[in-house]
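Trainee: Could you take me through this one slowly, starting with the whole and then giving me a close look at a single part? I am still learning how to read a structure.

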Amino acid sequence: MSKKSGNGTLTINNAGTILEADESISGLLGYTGAQLVGSALTSHLTDTCRKPFEHELARIVTGEIQTLHLNTLHAKSFVLPLELTLVQKTEDHFQFDVFDLSRRSDLESELDQVRDHYMLLSESTTDVILQIDNHFNIVYVNSAVTSVLGVKPERLLHESLEIIFPKSQYSRYRERIYKYFVIDDIHRSTKGLGNVIEALARKAGGELIPVEISMGNSRGIGDDRILTCIIRDISLRKKADRRLRYLAFHDKLTSLGNRDRFAESLTRVLNEMTPESGKSAALLYLDLDGFKKINDSLGHEIGDAILKACAKRLGNCLRDGDQVYRFDFEEIFRVGGDEFTILLPYISNPEDASIVAKRVIDTLTQPFSVEGWESIKNIRLGVSIGIALIPRDGRDRTALLRNADAAMYRAKERGNSYEFFTEEMNDMAMERLLMEEGIRQALSWNQFELYYQPVVDANGKICSVEALIRWNHPKHGILPPDRFIPLAEDMDLMKPLGTWVLSAACRELHAFQSRGYPELVMCVNIAPSQLEQRDLCETIGNILARHNINPRHLRLEITESSIMENPERSRQRIDLIKSMHEGITVAIDDFGTGYSSLAYLTRYAVDYLKIDKSFVMQMHKSENSKVVKTIIDLGFSLGLEIVAEGVETAEQFAELRRYGCHYFQGYYKAMPLSSSAFDKLLERDAREQVQSS
Ligand code: C2E
Ligand code: MG
Ligand code: MG
């Protein structure tokens, strides 16, 4: 802005009295025109300026000079330097153009411009810009406050900052904000202050919203300071954060908390379990029985639907029912494929946990039907639950999980039941650990052995023999396969072990055959993981060749459930083995315990069906007897040879024979025997056969 534009006109007479003063002059000096006119110009000058002025006025009169420099006094008593230039001169009055040498008005209008500019900025942001003085009174707030907090700016001006916060939180916020008055941004980090704080703000209607407050540096002199705060509504960001957190901590399929969420919740519960608190809690570890089979045989889609249904049932069974046991849905977690945990954060005694466990078993064992799959009805699942009490059974996550897991294993042995953890289970888990260590060395230390159990025809003549593995354990003595085969499977040792069995059985068969039983057939059990083995067919070929065995003297026993673990691959493997080793036979073992139908299994190139011993041993019950008869009849019509396992008594033998069963295996004829004992049995059997013929 140029100097000229600050002009005003002032007319005085030769005595120095003001005759005329336009509005600019009166504005400049802070008086009204009426106040100025008639007053002596000297009365508006500083003391030191008065004398020189009188002198200079005389020189103006004489025309010696045209310009005056005056230090005038503003109405508010500050000094304002002016330059007066003569523009008109008559005999007794002089008219001057007046220039404000302080450029005060220029600065004021510049200031106005800057203010406008900042206003514009301040009004175009969606964040609230607010200034408070050091008494925490609001001295400025922009209009964004209306949309953020639902209140007009005028309503807030001069109010205490408290007005925009919940009462219960304000003193805490005030304390924090106060620090920003005294500590500038350069020193904040060293004092542990961030440039923003998060807080809850209160809207006009009382609703609370999360906000982020950024603090500027306070400005001012001494105690009179102003702090500028920018307040941003972060509800949306918080919502997005919550969504992200939800996704990170929840299982997509069932919407239950996931493993991480479980760890977090368990830690929280543990932290609350101080010895003084006297509180106790319980951890229930659930494992579904039979889920894998359903998933493998009916497909993942149905498996998923069932898991979802389980989650829903779990939620319902914890929430409704008697009022006493109402737990938060969030306390149920899916921690693995078919594994769930339930955290009961407060229980008054262990009985509480068992009530929940019973209810869970009751609910989950009800048959499932899957929506959209009307043809698949009444699917049944089992569930085993291990319970660890907190803090009794552990004060840290690892111990609690390990103990609940050990209890779950024990529950699994009984099926559809729950067990509380006991110290003795730790011993079992320890034993399992020791067994795991031992099993690795057992192969190289030749601790495995095969026992042989004969299979006889309707006349009692030995036709084949099943090789059954034993572990001659240095400490525990002779261990049956169910003590170590599941372990070996878990530890991925079943393939080498299975190959060893095949090889040892064929070597022994060769010996039996060469001792005068050339038609004897050796039955060898094949584990699920062996069936997965790509080179199983080749391995069998090598072993047969090495021991000079004709494939028709080898029979592979594959359990029904292991076929169902991967039906298509099992079919391919069986087909390949049978086409590569002509004459080899395949038996379905433990038939009746899986979920398959016999008609389905005949799509596999199998020759023998072994009825599971659980049916045979219970044949005195008429429903079991009927099942056995039905299996035999169906087997016949499908052209299969039928073997009954677990034949223990003469009655069972006779009844099975009456039904037309072809072959018999069980204690009635002989227990599994060592190689030499079996050799003797063969001899005796041959003698008896000769005698009876
Ligand atoms: P499996 O193949 O069904 O074998 C028959 C099981 O029934 C054997 O148990 C046998 O001792 C038992 N048994 C035979 N007759 C009777 C009887 O009259 N009454 C009763 N109560 N039981 C009888 P074992 O030897 O304990 O084997 C259990 C299972 O372990 C076998 O069932 C088989 O599935 C598996 N197994 C055994 N040896 C091997 C092996 O070398 N490899 C694989 N993969 N599995 C094996
Ligand atoms: Mg078998
Ligand atoms: Mg069997």
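Mentor: Happy to! Let's start with charge: the protein has 83 positive and 99 negative charges, and the mean positions of the two sets are 3 Å apart. Please keep in mind that this is a predicted model.

Now step back to the overall form. The C-alpha trace spans about 170 × 55 × 50 Å along its principal axes. The radius of gyration is 49 Å, whereas a compact globule of 693 residues would be near 26 Å. Within this form you can find 26 helices and 25 strands. Buried residues account for 45% of the 693. The exposed surface comes to about 35,300 Å², and carbon and sulfur atoms supply 52% of that area. If you take the contacts between residues at least 6 apart in sequence, 59% of them join residues at least 24 apart.

Here is the part I would like you to look at closely: L640. Find it in the loop that runs between α24 (622–637) and β24 (641–644). L640 counts as buried because its relative accessibility is 6%, and the cut-off for buried is under 20%. Which residues does L640 touch, not counting those up to four places away in sequence? They are L598, T602, V606, D607, L609, G635 and H662. For a sense of distance, try R59: 581 residues separate it from L640 along the chain, and their C-alpha atoms are 142 Å apart.

To see the opposite case, turn to R440 in helix α15, which covers residues 423–444. R440 is exposed, since its relative accessible area is 52% and exposed means over 50%. Leaving aside neighbours within four places in sequence, R440 is in contact with M491 and L493. Between R440 and V335, 105 residues apart in sequence, the C-alpha to C-alpha distance is 29 Å.

Let's finish with the cysteines. A disulfide is a covalent bond between the sulfur atoms of two cysteines. How many disulfides does a search of the whole structure find? The search finds 0. Take C537 as an example: its closest cysteine sulfur belongs to C506 and is 14 Å away, so the two are too far apart for a bond. C537 is also buried, at 7% relative accessibility. Another buried cysteine is C229, whose relative accessible area is 3%.

Note on methods
Residues numbered from 1 in each chain as written. Chains lettered and ligands numbered in written order. Predicted model: local features only at pLDDT ≥ 70, side-chain atom pairs only at ≥ 80, totals over all residues. Heavy atoms only, no water. Disulfide = S-S within 2.5 Å. Buried < 20%, exposed > 50% of the residue type's maximum accessible area, 1.4 Å probe, protein only. Helix = DSSP H or I, 4+ residues; strand = E, 2+ residues; numbered from the N terminus. Rg over C-alpha atoms; globule rule 2.2 N^0.38 Å. Contact = heavy atoms within 4.5 Å. Areas by Shrake-Rupley, 256 points an atom, 1.4 Å probe, with all protein chains shown as cover. Lys, Arg positive; Asp, Glu negative; His and termini not counted. Charge placed at Lys NZ, Arg CZ, Asp CG, Glu CD.
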